[in-house]
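Here are my notes for someone opening this one for the first time. Have the chains coloured separately before you read on.

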Amino acid sequence: MQRIPILKMGPYLLVSIQVDMDDRTAMALQDDLMEQIVRHRARGVLIDISALDVVDSFIGRMLADTAAMARVLDADTVVVGMQPSVAITLVELGLALTGVRSALNIERGMDLLRSRIEGPGIADGHHEE
Amino acid sequence: MDITRSEVVAVRAAAEVVNVRHIVRRAAVDLAFSLVEQTKIVTAASELARNMVDYGGGGDLTVELLSDGIRKGVRLIFEDQGPGIPDIQQALRDGFTTGKGLGLGLGGAKRLSNEFQIDSAPGRGTRITIVRWKGSA
Amino acid sequence: MAGKSALSDVVQKNGREILSAWVQRQQTDLALRNNLLQPGELQQQASDFLTAFGPAIERGGTDSTTGEAWSPVRDLLSTISRSRARQGFTPAETATFVFSLKRILFDALQREVKDSTQLADEMWKASVVLDDLGLYTTETYQKGREEIINRQQQELMELSTPVVQLWAGVLALPLIGTLDSARTQVVMESLLQSIVDTGSSIAIIDITGVPVVDTLVAQHLLKTVAAARLMGADCIISGIRPQIAQTIVHLGVEISDVMTKATLADAFAVALTRVGLAIVRKG
């Protein structure tokens, strides 16, 4: 089974999913993330899914659960880079990913995390919720 | 209507769902589906293949390329010998699940397809057929 | 019903004469349309056809031209008719390619087959086969035309949906004219793609120029807003005229969580605030 690498950068954890994950790989990523949030006392998690050409209900649920669990561990999660075709399909599928914050690309995602953690004034003004 | 190509893949384990996505993607690319159309049929296939493994104990997927006049399409047939679905209407409802999923699999796959047919009865297994035509909404 | 037939012998033995007579005949038939073809193109197509035709009769018989033995001939005809469809030939002119061979084959059979019963039989076979192939040509010609129409429709749809950048990070999609389901879909996909390409976090969908919004179109608009949100961008729908507001409410379409503004100007002001900009009067 493949494991998705998690990078630590300051108070943030960065994940870029570059492979078509099977369900076990997805669950392992969730476990690894939780473990590392605690180990590094991470305040924010950025998950880049720009390379994913399919997000089905399983991966969608993994993303939503991860965001919710991270919240419990006092870390914010931003999912970045979702492809338009994936977004259209998720809407049709009926998956709203409630509770998951999203940004267009890694830079915007980092801005969003920073604004949450370091207070307002740094982000580009893009609001969520 | 002609079937211009047909292949059968066994889907027994959850890890093989990835393989299903690749095979269906290739079929959709061969028919020059738009990116959104490809994503919809691949996602529907992913949902149904996982259902087949989780609830039907695994089964076979038949991937067919269809040609009907100038219409081109992909037909996917998922067949398992599992316990079957007692109440199909209920299973199609969003949020209904007997397992660990979100309960979007069947209803979601139906919304992502142009044609959707389900044959199932307790003890007789389940057969789900979906079709997506190129260039349809 | 494979087996030696006089027809395949005649075609294979007299290939050269048949070819030159046939090409000449077609050139006369097409007379004024010759300029649509490249020099030598007709000669090449005719020669390719005859090369495939003889063996196909021998291996596949003449009862049906749908078998595997006939597939090289069918493929060739399909290529030829599609290219004729593009070059602007009429269906009749395209079918003439095959039908004009009839006279030539009959002449050749008459020269070669002396027994009159056999001659009648072979002529009948030749006639049936060429009729079959002629119909096939027309059918693929039609398909070729339909493909062209489909492609043009697609291109037209893409042309009619300009996504414009109003400011760095702010896109606008001014929709004009009647929206059907297919067009709405194309428009929305191109909007979402532009959001990614330009990294715009806010997009204004202006429907001032849309006369009617039905349930399906409203649903498409809302799905686009939802998809944009999943990608990390917000949409504002502007230019909702009073009748459309009434329709939306009467149809029971839920738009409470979508930002709507009466005019494009209002929406633009909101968008600028969102990206952290303000317009101030100079001096």
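1. Start where chain B touches chain C. Across that interface there are zero residue pairs in polar contact, counting pairs with both residues at pLDDT 80 or more. Keep in mind that this is a predicted model. Salt bridges between chain B and chain C come to zero as well.

2. What does the chain B side of that interface consist of, by class? There are three nonpolar residues, one polar and one charged. Those five residues of chain B are in contact with six residues of chain C.

3. How much area is buried between chain B and chain C? The value is about 490 Å², with carbon and sulfur atoms giving 57%. If you wonder why I quote an area here, the size of an interface is often given as the accessible area lost when the parts come together.

4. Now turn to chain A and chain B. Here the buried area is about 1900 Å², and carbon and sulfur atoms give 58% of that. Chain A puts 20 residues into the contact and chain B puts in 22.

5. Charged pairs do turn up in this one: six salt bridges are counted between chain A and chain B. One to click on is B:R50 with A:D56, where the closest N and O atoms are 2.8 Å apart. The count of residue pairs in polar contact between chain A and chain B is 12, again with both residues at pLDDT 80 or more.

6. Which helices of chain A supply at least two residues each to the side that touches chain B? They are helix 2 (57-72) and helix 3 (84-93). Helix 3 of chain A gives the largest share of that side, six residues. Sorted by class, the side of chain A that touches chain B has nine nonpolar, four polar and seven charged residues.

7. Last, a look inside chain B, at strand 4 (residues 115-120). Its covered face carries B:F116, B:I118 and B:S120, while B:E115, B:Q117 and B:D119 sit on the uncovered one. That pattern makes sense because in a regular strand the side chains alternate between the two faces of the sheet.

8. Strand 4 of chain B runs antiparallel to strand 5 (residues 126-133) of chain B, and six bridges join them. To find your place in the pair, look for B:Q117, which stands opposite B:T129 in strand 5. The two strands form a hairpin with five residues between them. In the turn, B:G123 has a positive phi of about 85 degrees.

Conventions:
Residues are numbered from 1 along each chain as its sequence is written. Chains are lettered from A and ligands numbered from 1 in the order in which they are written. This is a predicted model: local features need pLDDT of at least 70, side-chain atom pairs count only at pLDDT 80 or more; totals for chains, interfaces and linings use all residues. Side-chain values use heavy atoms; hydrogens and water are left out. Contact means heavy atoms within 4.5 Å. Buried area is the accessible area (1.4 Å probe) that two parts lose on being put together, summed over both. A salt bridge is a side-chain nitrogen of Lys or Arg within 4 Å of a carboxyl oxygen of Asp or Glu. A polar contact is a pair of N or O atoms within 3.5 Å; within protein, one must be able to donate a hydrogen and the other to accept it, and residues adjacent in sequence count only if both atoms are side-chain atoms. Helices (H or I, at least four residues) and strands (E, at least two) are DSSP runs, numbered from the N terminus. Ala, Val, Leu, Ile, Met, Phe, Trp, Tyr, Cys and Pro count as nonpolar, Asp, Glu, Lys and Arg as charged, and the others, Gly among them, as polar. Buried means under 20% relative accessible area, exposed over 50%, partly exposed in between (1.4 Å probe, protein chains only). Two strands pair if DSSP finds at least two bridges between them.
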